[in-house]
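Trainee: I have a structure to go through before lunch. Can you take me through some of its helices and odd backbone spots?

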Amino acid sequence: MCGIVGYVGKREATPILVDGLRRLEYRGYDSAGIAVANGQGARLVRCRGKLAALEKLLAVESPRGLTGIGHTRWATHGRPSEENAHPHKSGSVSVVHNGIVENHALLRERLTAAGRHFSSQTDTEVLAHLIDQALIDGASSLPEAVRQALRQVEGSYAIAVLSDRHHDEMVAAKKASPLVVGVGEGEMFLASDAPAILDKTRQVIFLEDGDVAHLARDQVSITNLAGQPVERRPKTVTWTPGQAEKAGYPHFMLKEIHEQPRAVTDTLRGRLMLNNGDAVLWEKEVTEIPRRMVIIACGTSYHAGLVGKFLIERVARIPCEVDLASEFRYREPVIGPGDLVVGISQSGETADTLAAMNEAKARGARTLAISNVVDSAIARTSDLALYTFAGPEIGVASTKCFTAQLTALALLAIHLGRRNGALDDIGAVRFASDLIQIPFKMSETLQLVGDLKELARKHKDAHDFLFLGRGSNYPIALEGALKLKEISYIHAEGYAAGEMKHGPIALIDDGLPVVIIATKGNSYDKVLSNLAEVRAREGHVIAVATKGDTEITKYCQDVLWVPEAPPLLQPLVTVLPLQMLAYAVAVVRGHDVDQPRNLAKSVTVE
Ligand code: M6R
């Protein structure tokens with residue numbers, strides 16, 4: 001969940017590294033550092049804090065050299081501090097690392113007993129010592145020293161390694177953390193995420209687990225950990241660097257909220273057949289109808305899964321459970337052949353989801369990944385992958401990936417329903433034409449909702465918020481509460497509206513804003529009763545309601561209008577005002593919306 005960059009070529013490395021780190025800062029931001037090598041060895045500059053702090057140091061004195069590595073960190077082992085910031089150096093070797101060395105304590109003990117001195121609390125530092133020791137012990141080259149070191153390591157890593165003695169080359173290796181090599185003309189780039197280097201080159205090699213890549217100006221050679229050559233061809237990446245930038249919005253989150261109609265369209269593109277209502281998801285017909293489905297995910301992706309249950313059960317009539325990935329794997333799940341386990345993950349890297357998918361596979365279930373990152377770890381480990389095409393999501397708070405996930409789940413429900421006969425011809429065509437309308441309804445919603453500054457000012461000092469919803473809008477209440485919590489730092493709870501009288505009603509007084517999703521549909525009357533119960537106790541009601549509903553205004557102080565949509569697809573529009581509300585409150589409170597405290601974009605540790 002940290003960011004890695006590397007460069008070897010004909011230009012000064014420092015500005016290239018800093019530029020790459022800026023694009024990766026969302027992956028971790030509690031400290032940053034670079035190491036740049038020239039004939040005199042590698043020089044390290046690192047500090048606690050965001051990249052801006054590192055840039056200040058570099059403005060005073062910038063290390064010169066044509067080869068370098070850089071890192072932005074999200075602390076796992078050792079608090080955020082300068083000594084724990086990467087790169088870590090031991091002897092002649094400098095290393096940056098994402099992931100976790102699981103046997104670091106044992107290795108540290110052994111290395112310390114052999115007389116090595118550690119200067120940080122990180123697990124990463126053992127890698128620098130192991131590689132340095134391998135060179136001292138006579139490893140024939142830097143790649144060979146890295147291989148020898150990694151053969152002793154358990155856990156996950158993406159690393160970039162520089163040596164004082166080999167100043168015009170670099171070694172990179174990965175296991176369970178992403179790493180890509182960018183192939184330029186007389187120069188090579190390295191990054192944990194392709195957008196960091198896309199303005200430099202579109203020719204990208206996606207390294208695979210066990211790969212050790214040796215990068216020099218004009219060539220990259222890859223071996224496995226045993227030293228046998230491996231062939232990896234560069235792929236042309238079509239994401240433009242501009243897609244990964246803010247495009248005029250003050251924050252990535254706001255940009256990404258507004259990108260949702262496009263993200264949903266791209267996820268539907270080429271898959272939804274309007275003539276017969278089918279969803280074609282894979283080139284070959286690979287579908288087996290499961291007897292049961294289990295969706296596993298974390299955070300926002302879990303909320304998408306909860307909506308997915310409604311879609312799958314209603315449209316395909318297949319029983320579907322939803323579980324938190326972190327719970328699933330430890331409860332000895334009853335799962336096996338005949339089950340389809342769907343892992344949903346924006347990043348495709350989330351450690352809990354990856355482990356849960358592996359658990360499901362080991363028990364004989366078929367696995368399907370819904371991921372926004374092509375070739376992600378979770379996608380690669382699964383039998384099938386269904387990609388959302390939301391483009392890179394930079395804001396830590398997930399928005400466009402959530403609605404793209406809902407879209408992918410709707411497609412999956414149609415796909416299965418058509419194949420098991422649960423969805424008939426007429427129903428299929430109707431559902432497909434409703435679904436294709438959703439991006440337009442999303443655009444309309446964003447216009448109707450506006451910027452919500454006034455509403456945010458009114459509630460910026462609230463200590464708590466309650467979010468209520470029923471049916472497929474209950475997961476949207478959970479998602480609204482999560483969005484508000486993570487960027488405004490206001491405590492918020494999501495509840496099934498019908499559960500309110502079983503406890504949360506005790507919280508209601510004139511200081512509690514209650515957001516109720518009260519759109520027209522099956523449970524409208526019941527939600528109105530819940531709303532009246534809140535009003536009777538002086539709660540401040542903010543309703544998400546269907547445009548044109550004149551009744552609702554009698555019961556609430558504020559209304560966020562959305563266009564009419566079929567109940568099953570409503571979550572795709574009702575979530576938008578809640579995302580906007582969370583955004584507006586966070587901005588009014590002066591928070592760092594895109595990089596909220598204590599969070600990171602991909603959670604690659606358990
Ligand atoms: O990459 P994933 O979808 O697997 O991530 C799961 C959660 O960590 C993520 O959704 C998190 O809850 C977001 N910060 C929510 O906005």
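Trainee: Start with α12. What span should its 21 residues have at 1.5 Å a residue, and how far apart are its end C-alpha atoms?
Mentor: The expected span for the 21 residues of α12 is 30 Å, and the end C-alpha atoms are 30 Å apart, so the two agree. Keep in mind that this is a predicted model.

Trainee: Is α12 mostly covered or mostly uncovered?
Mentor: Mostly covered, since 18 of the 21 residues of α12 are buried.

Trainee: At what angle does α8 pack with α12?
Mentor: Helix α8, residues 299-316, packs with α12, residues 400-420, at about 25 degrees, and the axes are 9 Å apart. That makes α8 roughly parallel to α12, because an angle under 35 degrees counts as such. The crossing of the two is right-handed.

Trainee: Which residues meet there?
Mentor: On the α8 side they include His303, Val307, Leu311 and Val315. On the α12 side, Phe402, Leu406, Leu409 and Ala413 are among them. The contact of α8 with α12 has 14 nonpolar residues, eight polar ones and no charged ones.

Trainee: And α17, how does α12 pack with that?
Mentor: The angle between α12 and α17, residues 571-588, is about 170 degrees, with the axes 10 Å apart. That makes α12 roughly antiparallel to α17. Phe402, Thr403, Leu406 and Thr407 of α12 meet Pro571, Leu572 and Val575 of α17. By class, that contact has five nonpolar, two polar and no charged residues.

Trainee: Next helix, α15. How many of its residues are buried?
Mentor: In α15, 12 of the 15 residues are buried, so this helix is largely enclosed by the rest of the structure. The buried ones include Glu479, Lys483 and Glu486, along with Ile476, Leu478 and Leu484. As for length, α15 covers residues 474-488 and should span 21 Å; its end C-alpha atoms are 21 Å apart, which agrees.

Trainee: What does the backbone do just after α15 and just after α12?
Mentor: Just after α15, Tyr489 takes a positive phi of about 60 degrees. Just after α12, Gly421 takes a positive phi of about 85 degrees.

Trainee: Why remark on the sign of phi?
Mentor: Most residues other than glycine have a negative phi. Arg317, for one, is not a glycine and has a positive phi near 55 degrees. Arg317 sits in the loop between α8 and β18, and at 59% relative accessibility it counts as exposed. Asn598 also has a positive phi, about 65 degrees. Asn598 lies in the segment after α17 and is exposed, with a relative accessible area of 65%.

Trainee: Which peptide bond is cis?
Mentor: The one from His86 to Pro87, with omega near 0 degrees. Pro87 is in the loop between β4 and β5.

Trainee: Last topic. Is Leu142 buried or exposed?
Mentor: Leu142 is buried, with a relative accessible area of 0%. Leu142 lies in helix α5, residues 142-150. Its contacts beyond four places in sequence include Ile131, Leu135, His166 and Glu169. The C-alpha atoms of Leu142 and Leu162 are separated by 8.5 Å, with the two residues 20 apart along the chain.

Trainee: And what about Thr381, buried or exposed?
Mentor: Thr381 is buried as well, at 18% relative accessible area, because the cut-off is under 20%. Thr381 is in helix α11 and touches Leu354, Met357, Asn358, Lys361 and Thr367, leaving out residues up to four places away in sequence.

Key
Residues numbered from 1 in each chain as written. Predicted model: local features only at pLDDT ≥ 70, side-chain atom pairs only at ≥ 80, totals over all residues. Heavy atoms only, no water. Axes fitted to C-alpha atoms, helices over the stretch in contact; angles between N-to-C directions. Helix = DSSP H or I, 4+ residues; strand = E, 2+ residues; numbered from the N terminus. Parallel < 35°, antiparallel > 145°, perpendicular 65-115°, else oblique. Left-handed = near helix turned anticlockwise from the far one by under 90°. Contact = heavy atoms within 4.5 Å. Nonpolar A, V, L, I, M, F, W, Y, C, P; charged D, E, K, R; others polar. Expected span 1.5 Å × (residues − 1). Buried < 20%, exposed > 50% of the residue type's maximum accessible area, 1.4 Å probe, protein only.
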